[in-house]
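Subject: The structure you asked about

Hi there,

Here is the structure, ready for you to open next to this message. Please have a look at it first, and then read on for what turned up.

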Amino acid sequence: MPAASSRTTAVSAVVTAALAAGLLTGASSAVAAPDGQVRIHDIQGTTRISPLAGAQVTDVPGIVTGVRGYGSKGFWFQDPDADTDRATSEGVFVYTGSAPAVAVGDAVTVSGTVAEYVPGGAASGNQSLTQITRPTVSVVSSGNALPAPVTVSAHSVPARYAPAGDPAAGGSVNGLRLSPGRYALDFYESLEGMNVRVGSSRVVGATDSHAELWVTVKPHENANRRGGTVYGSYTSQNTGRLQIQSLVPLAEQPFPKADVGDVLAGPTEGPLDFSQYGGYTLTARTLGTVVDRGPGRERTRAQRDGELAVATYNVENLDPGDPQEKFDALAAAVVDNLASPDILALEEIQDDNGPTDDGTVSAERTVRRFTEAVTAAGGPAYDWRSIAPEDKKDGGEPGGNIRQVFLFNPERVSFTDRAGGDATTATEVVRERGRAALTLSPGRVDPSAAAWTDSRKPLVGEFAFRGRPVFVVANHFSSKGGDESILSHHQPPTRSSEVQRLAQAQSVNTFVKKLLNADKRADVLVVGDINDFEFSGTTKALTSGGALYPAVKSLPRRERYSYVYQGNTQVLDQILTSPSIRGFDYDSVHINAEFADQNSDHDPQVLRFRP
């Protein structure tokens, strides 16, 4: 069953480039097993890279354990006669490029070329998937029993995540012998392509638009009260997480909808794959049943008399082209779940025609629809302030010109307007009547600095609550795009995007220090989508010199999160406070990130204090 295709060419190109870069090693011709018969464990070898990469193999035997007729088409087969080496997998994927002419339970022999396919390309840093390409397949018999699945459980998955990469290989683990009893990534790699099984498991990543979810086989690993698995440091990767997909076409069996905290009950069984988005993935022939155990969406309390409530919410590329239902749902959340905060900083407000790239930068229609929806939901008649960006200068979805916007309730708080702010002019700090003040309000912080190239510039506003000035800096730092995942063959992985966020944090920290130099008792809040963790270098730079405190750290460690990524609950959105803000009440309001049905992928944050 020959299957030459563009993906096969891509596989060869990736492997060739990787070999040239020293990322992969392989043979140019087959290395025969002692009996002359190449088996699957000979192909897989004892490292992440096949010793036969690039070689032709002939009549490799096994039993088909899974067939995929969509996406990357092909099938998995497994040798029922395993060797005694735990490091060698007995299963492998056969890439056919078209609908495979085999069925689960077929005994087959496969001839073809051994290849290392790197999902996302070699530059992604991802581990590679060993497979057989350009196959010729012979069906020997059908209806055979499948090799017994290997159970993936809290007992079998090691607590340690990964070995340190080899310095001589640029920090790569590719050339290291697998230690499946010592490291979780090695354990999963030793099962690549094999028939595996998980029992009833808690959902730690909700069903997404690509019909996949995440479970944990370690129910007590960094668990929080709502069912998530908290990513609390760079060394707390949560080894029990596993992505689940289904081999059954969605037209035949819709993928179940699950939220964090639900349970995928009963056995889930199928081959273990490696994908670009999520790494090790159980591609299920048999899928468990979702049992609703997840908590509901949270509601924060209303601010008390004398308290100022400040919130931040990433509304995920909101523009007038979105359905009214999205505006209404976001607005209802502001009123019902956030208790109508006095000041609300919004991120990812797009211009008035969204992704249409025609030079439009105004967002008046977008904001007006949103504030009208809030009023219709029973909330206050918010006023607003913002500064339109230059066209195509602030990153985000092409044509959308995303920016931050301040909403404020004029019945509770006033905005101190200081005219002249625009996209390119930096606001400065002056001292007026013994207090700090801005030269431009709303204004932008250091917009011409290299740190803000192709990224959202901070928006700062001067407010007054009960006669006292309050300064709010709304941020949307650069994304993590370009970082290697925690599943990278580099251990630790390269986090290249941190360089720009670090510079952005230093810029904001410098500005806050200017405010504090003018008035050490100034009430300053730095809010927004910081796109980084509370333990990150970015956060440390923001807080340098004691200028700010990350308020999320006032919560218990396992309650610190605003986002769920690949089954890890984590902090991206933050509110940081100046030293004068004490005795505050902080709440990360969980209404989106844990749920399959989302109005945004971020959870809003609220802080209440008495100025």
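Nine strands form an open sheet in this predicted model. Their order is β6-β7-β12-β13-β10-β9-β8-β11-β14, and the pairing is mixed. At the edges stand β6 (150-151) and β14 (289-291); each has a single partner strand, so one side of each is left without a neighbour in the sheet. The partner of β14 is worth a click: β11, residues 263-265, pairs with β14 in the antiparallel sense over three bridges. If you want a spot to centre on, L264 stands opposite V290 in β14. As a reminder, strands of a sheet pair through backbone hydrogen bonds, either parallel or antiparallel.

There is also an open sheet of six strands, again with mixed pairing, in the order β17-β18-β16-β15-β31-β30. Here β17 and β30 (585-588) are the edge strands, and because each has a single partner strand, one side of each is left without a neighbour in the sheet. On average, neighbouring strands of this sheet are turned by 20° against each other, direction ignored. β30 pairs with β31 (residues 605-609) in the antiparallel sense, over four bridges. In that pair, D585 stands opposite R608 in β31.

Now to the empty space. Rolling a probe the size of a water molecule over the atoms shows where empty space is left. Let me begin with the second largest pocket, which holds about 570 Å³ of space. Its lining is made up of 23 residues, and those nearest the centre are R68, S72, Q245, D273 and S275. Which elements give two or more residues to this lining? They are β5 (129-141), β10 (241-246) and β12 (268-275). Of these, β12 provides the largest share, three residues. Sorted by class, the lining of this pocket has eleven nonpolar, eight polar and four charged residues. Both β10 and β12 will be familiar from the nine-strand sheet above.

How many cavities of 30 Å³ or more does a search of the whole structure find? The count is five. The largest cavity has a volume of about 100 Å³. Among the residues that line this cavity are Y161, Y188, W214, N238, R241 and L487. Two elements, α3 (184-189) and β10, each supply at least two residues of the lining. The lining of the largest cavity divides into seven nonpolar residues, three polar ones and one charged. So that you can find β10 again: β10 contributes to the lining of the second largest pocket and to that of the largest cavity.

On the helices, have a look at α4 (residues 324-337) and α5 (residues 364-376). Their axes come within 8 Å and cross at roughly 55°. α4 and α5 are therefore oblique to each other, and their crossing is right-handed.

Last, a few backbone details. Most residues other than glycine have a negative phi, and most peptide bonds are trans. These are the places to check against that:

- The peptide bond from S441 to P442 is cis, with omega near 5°. P442 sits in the loop between β21 (435-438) and β22 (443-444).
- The bond from Q491 to P492 is a cis peptide bond as well, with omega near 0°. P492 belongs to the loop between β24 (468-476) and α6 (498-518).
- N401, a residue other than glycine, has a positive phi, near 50°. You will find N401 in the loop between β17 (383-386) and β18 (403-408).

Happy browsing, and do write back with any questions.

Best wishes

Terms used
Residues numbered from 1 in each chain as written. Predicted model: local features only at pLDDT ≥ 70, side-chain atom pairs only at ≥ 80, totals over all residues. Heavy atoms only, no water. 1 Å grid on protein atoms, 1.4 Å probe; cavity = no way out; pocket = protein on both sides within 12 Å on 5 of 7 lines; lining within 4 Å. Points joined across faces, edges and corners; volume = space filled by probe spheres on them. Nonpolar A, V, L, I, M, F, W, Y, C, P; charged D, E, K, R; others polar. Pairing = 2+ DSSP bridges. Axes fitted to C-alpha atoms, helices over the stretch in contact; angles between N-to-C directions. Parallel < 35°, antiparallel > 145°, perpendicular 65-115°, else oblique. Left-handed = near helix turned anticlockwise from the far one by under 90°.
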